[in-house]
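User: I am new to this structure. Please take me through the terms used for it, and show how each one is earned.

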Amino acid sequence: MGLNREELRKSAREWVKESMRTGKDAEGLARSMQSIVHRISWVRDDQLHQGVETIMGTKLSKEQTFFWMEEIAGYLLALAALLAIWQLGSLALGEFLLPRPLDVLAYFGEALTTGAFWQHAGASAWRVLSAMSLAWLAAFPLGLILGHVRSVDNMLSPMVFLTYPLPKIVLLPLFLTLFGLGDLPRVLLIALTTGYQILVVTRASAQGLDKKYLDSFRSLGGTPLQMLRHVLIPAALPDAMTALKIASGTAVAVLFMAESFATRRGLGFLIMDAWGRGDQLEMFTGILAMSLLGVALYDCLLYTSPSPRDLSTS
C-alpha cells in the first residue's frame, strides 16, 4: 500500500531538509524530488489498481490493470471523437437529416425501458449468435480436414473456392422460399456467409503447419486423435479465431439485410420501419443498438478466446 497524503507530506519535508543539509549541490535535491514523485506515482497507481479491481470484480496484477485502463481509455477517446464528428455533422446537415447525438442517446435510454425494444434486440442477438455458433461448429472442423487430408481437399476445395466469391446475401429470397419466413433462413444465411471465412482461413492455417512437427509427433507414438488435439487444433486456432472475430462484423451486416424485409422482429426491421415512417430518432436508436451488438460480439470474442497453449495442455 502507498503512503497516505499526510504521511507523504511529512516524508517530503524530511527528505528535502535532509537533502538541503547534506547535499552540496542540486544533485541531492534532485534525487530527493525524484523519490517524492515516485512515491506520489505509487499512491496514484495503487489507488487506480484498487479501483479497477473493484470494477472488474477480481484480483488483477499491475500489468493487467494498466492494460484494461488503456483499453477503456482508448474506447472513451474513440467514442468522444465519434460523438464530436456526429455533432458537427448534425450542425452541418440539420437535425432532421442527422439528429444530435445527445437527443439520440436520450431516446435510446428511453427505449431501453420498453419491452418492444428488447424483443427486437433479443431476436437479433439470438439470430446472430446461433448463426455464428453454427458456422464455427461446421467450418472449423471441415477446415482442419481440408488442410490435413489431401484427398478430401482435392475433392472439395474447387467447389469451396468456386462459390466463395458469391455474395451470399443474394440467396436470401431462395432461403425464404425453401425454409419459410421464420428465423431459420436468416440464421442459415448468416452462418453460410461467416462459415466460408472461417473455413478458408482454417484450411490455409492447417496447410501451413510445418510437416516436421507432424512427423515428430508420429515418431513419439502419437495417435491421430492426439495429433488433432495437441497439434492441429492449437496450430490452426489463432488464425481461425481471428477469422471468427472478423466475421462477426460481416455477420451483423448480413443480419441487417436479412431483417430488412419479410419479418416484423429484429433491429433491422426496427431501423427500416422507422425509416419508412420518417422517425429519425427511432431509426438512429436501432442503428446504435445494432452497432453496440456488433461491438459486444467482437469484444466477447476478443477477450474470451481460449489460449492455444491452454488448449494443447488441457
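User: Why is Arg277 called partly exposed?

Analyst: Arg277 has a relative accessible area of 48%. Buried means under 20% relative accessible area, exposed means over 50%, and partly exposed is in between (1.4 Å probe, protein chains only). So Arg277 counts as partly exposed. A note on the basis: this is a predicted model, where local features need pLDDT of at least 70, side-chain atom pairs count only at pLDDT 80 or more, and totals for chains, interfaces and linings use all residues. Residues are numbered from 1 along each chain as its sequence is written, and side-chain values use heavy atoms, with hydrogens and water left out.

User: What makes Arg277 and Glu282 a salt bridge?

Analyst: A salt bridge is a side-chain nitrogen of Lys or Arg within 4 Å of a carboxyl oxygen of Asp or Glu. In this pair the closest N and O atoms are 3.1 Å apart, so the pair fits the definition. Glu282 has 16% relative accessibility and therefore counts as buried. The structure holds nine salt bridges.

User: How do you know that Arg127 is buried?

Analyst: Its relative accessibility is 1%, so Arg127 counts as buried. Arg127 forms a salt bridge with Asp183, with the closest N and O atoms 2.8 Å apart. Arg127 is in helix α5 and Asp183 in helix α8, so the pair ties together parts 56 residues apart in sequence. Helices here are DSSP runs (H or I, at least four residues), numbered from the N terminus.

User: Which parts does the salt bridge between Glu259 and Arg127 tie together?

Analyst: Glu259 lies in the loop between α10 and α11, and Arg127 in helix α5, so the pair ties together parts that are 132 residues apart in sequence. Their closest N and O atoms are 2.7 Å apart. Both residues are buried. Arg127, Asp183, Glu259 and Arg265 are linked in a network of salt bridges.

User: What makes a set of residues a nonpolar core?

Analyst: The members are buried Ala, Val, Leu, Ile, Met, Phe, Trp, Tyr and Cys residues, joined through side-chain atoms within 4.5 Å. The largest such core has 51 residues. Phe117, Trp136 and Leu267 are among those that touch the most other members. Helix α5 gives the most to this core, with eleven residues. Apart from it lies another core, of six residues, including Leu209 and Met227.

User: Which residues does Leu267 touch?

Analyst: Among them are Phe117, His120, Glu259 and Met290, not counting residues up to four places away in sequence. Contact means heavy atoms within 4.5 Å.

How values were computed:
Helix = DSSP H or I, 4+ residues; strand = E, 2+ residues; numbered from the N terminus.
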